[in-house]
Amino acid sequence: MDFLFQNWDLNDHFVMRKICFDILSIELKEKPYSDKFCAIYLEGRNRDINTYEELAAFKSFKLFSQYNYPIFLFVNKNVKIIFNSEIVKKWRIYIIPIDEISTREEYNCFIYKYNVYKYINNIENVLMFHPDGFLIKEGWEDFVIKNDFDYIGSHWLHLAAIDTNDLELKKITNNYKGINIGNGGFSYRKTSKMSEIINKFSNYKFYEYGLDNKNLPTEDLFFSYFGFNSGILKKPTLQQCCDFSRDPIDLNAYINKKSFGFHRPVFQNKYLCTQHN
């Protein structure tokens, strides 16, 4: 087993290693089963699932959740999962083999063109995590339920937007504005709301605003831009976004557990969330 992100700056990689080894060193106790929440992890690239980041990410969901919720692991059908069968069973990991996903556009298409949420047994509350973004402390369920979020992740510094040449969609989105909330690297979502956005918007042709190649927008931009602007999603505050997840999270914020989770650790963060501490 090795680290996935070996080409990072050494200081940033130190923070990633610390988070992983901190989590892997904590004893995991058995918890009762519940299907109130679930997690989704999607990795379609042609590589085995065998890194410290992934093991820590999966374990964090078990450590810092109130119950033993299921994990839906969408993985390239041609790769190996180097978790022993006992872990897969005890951690309630449901493996869903998929065709190879080798590009960013294919990843985004799989989530909102083919609706990844239809595979998770109608579980309403979903946590999406990645090898560089997962839980670091308990209490996230109470936080999202108390605030009745539809979708929450860390916020962006910039205003991201979607554009289209589709005349029908242009009429719908004429007054839509750029959005700075929606980072999906580590995020909570309601399945019913995601499906509603997919059903209403995914069949149009659109692209990420400001990109010359006119590629499909990232899946988190798709949901946040159409969801918050249309009113399908209730919009959290910037402070709530920082309390839930930090992108990036620095060493100090990690040590002091400033958020429930993170996307992308750095040694020292000079940019995001500092205005909301």
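A residue counts as exposed when its relative accessible area is over 50%, as buried when that area is under 20%, and as partly exposed in between. With a relative accessible area of 51%, Arg104 is therefore exposed. The model behind these values is predicted.

Arg104 makes a handy starting point, since its side chain meets that of Glu208 in a salt bridge, with 3.5 Å from N to O. The two partners sit in distant parts of the chain: Arg104 belongs to helix H4 and Glu208 to strand E10 (residues 207-208), 104 residues apart. Glu208, for its part, is buried, at a relative accessible area of 14%.

There is plenty more of this kind, as the whole structure holds 14 salt bridges. One of them joins Asp35 and Arg92, whose side chains come to 2.8 Å, N to O. This pair, too, links distant parts of the chain, 57 residues apart: Asp35 is in the loop between helix H1 (10-24) and strand E1 (37-43), while Arg92 is in the loop between helix H3 (85-90) and strand E3 (93-98). Asp35 is partly exposed, with a relative accessible area of 46%, whereas Arg92 is buried, at 8%. Another salt bridge runs between Lys77 and Asp99, where the closest N and O atoms are 2.7 Å apart. Lys77 lies in the loop between strand E2 (71-76) and H3, and Asp99 in the loop between E3 and H4, so the bridge ties together parts 22 residues apart in sequence. Here both residues are exposed. Salt bridges also link up into a network, made of Glu43, Arg45, Arg47 and Glu54.

Now for the strands. Six of them form an open sheet in the order E3-E2-E1-E4-E9-E5, and the pairing is mixed. E3 and strand E5 (151-152) are the edge strands, each pairing on one side only. Further in, strand E4 (residues 125-128) and strand E9 (residues 187-190) run antiparallel and pair over four bridges. Met128 has Ser187 in E9 as its bridge partner. Helix H4 packs on this sheet, where H4 touches E1, E2, E3 and E4, and the direction of H4 makes about 150° with that of E1.

H4 has a helix for company as well. The axes of H4 (residues 104-112) and helix H8 (residues 219-230) come within 8 Å and cross at roughly 45°. The two helices are therefore oblique to each other. On the H4 side, the contact is made by Tyr107, Asn108, Ile111 and Tyr112; on the H8 side, by Glu219, Phe222 and Phe223. Sorted by class, that gives five nonpolar residues, one polar and one charged.

H8 also packs against helix H7 (residues 191-201), this time at an angle of about 90° and with the axes 10 Å apart. H7 and H8 are therefore roughly perpendicular to each other. From H7 come Met194, Ile197, Ile198 and Phe201, which meet Phe222, Phe223, Phe226, Gly227 and Ser230 of H8. Seven of the residues in this contact are nonpolar and two are polar, with no charged ones. Phe222 and Phe223 thus turn up in the contact of H8 with H4 and again in the contact of H8 with H7.

How values were computed
Residues are numbered from 1 along each chain as its sequence is written. This is a predicted model: local features need pLDDT of at least 70, side-chain atom pairs count only at pLDDT 80 or more; totals for chains, interfaces and linings use all residues. Side-chain values use heavy atoms; hydrogens and water are left out. Axes are lines fitted to C-alpha atoms, for helices over the stretch in contact, and angles run from 0 to 180 degrees between N-to-C directions. Angles under 35 degrees count as roughly parallel, over 145 as roughly antiparallel, 65 to 115 as roughly perpendicular and the rest as oblique. Contact means heavy atoms within 4.5 Å. Ala, Val, Leu, Ile, Met, Phe, Trp, Tyr, Cys and Pro count as nonpolar, Asp, Glu, Lys and Arg as charged, and the others, Gly among them, as polar. A salt bridge is a side-chain nitrogen of Lys or Arg within 4 Å of a carboxyl oxygen of Asp or Glu. Buried means under 20% relative accessible area, exposed over 50%, partly exposed in between (1.4 Å probe, protein chains only). Two strands pair if DSSP finds at least two bridges between them.
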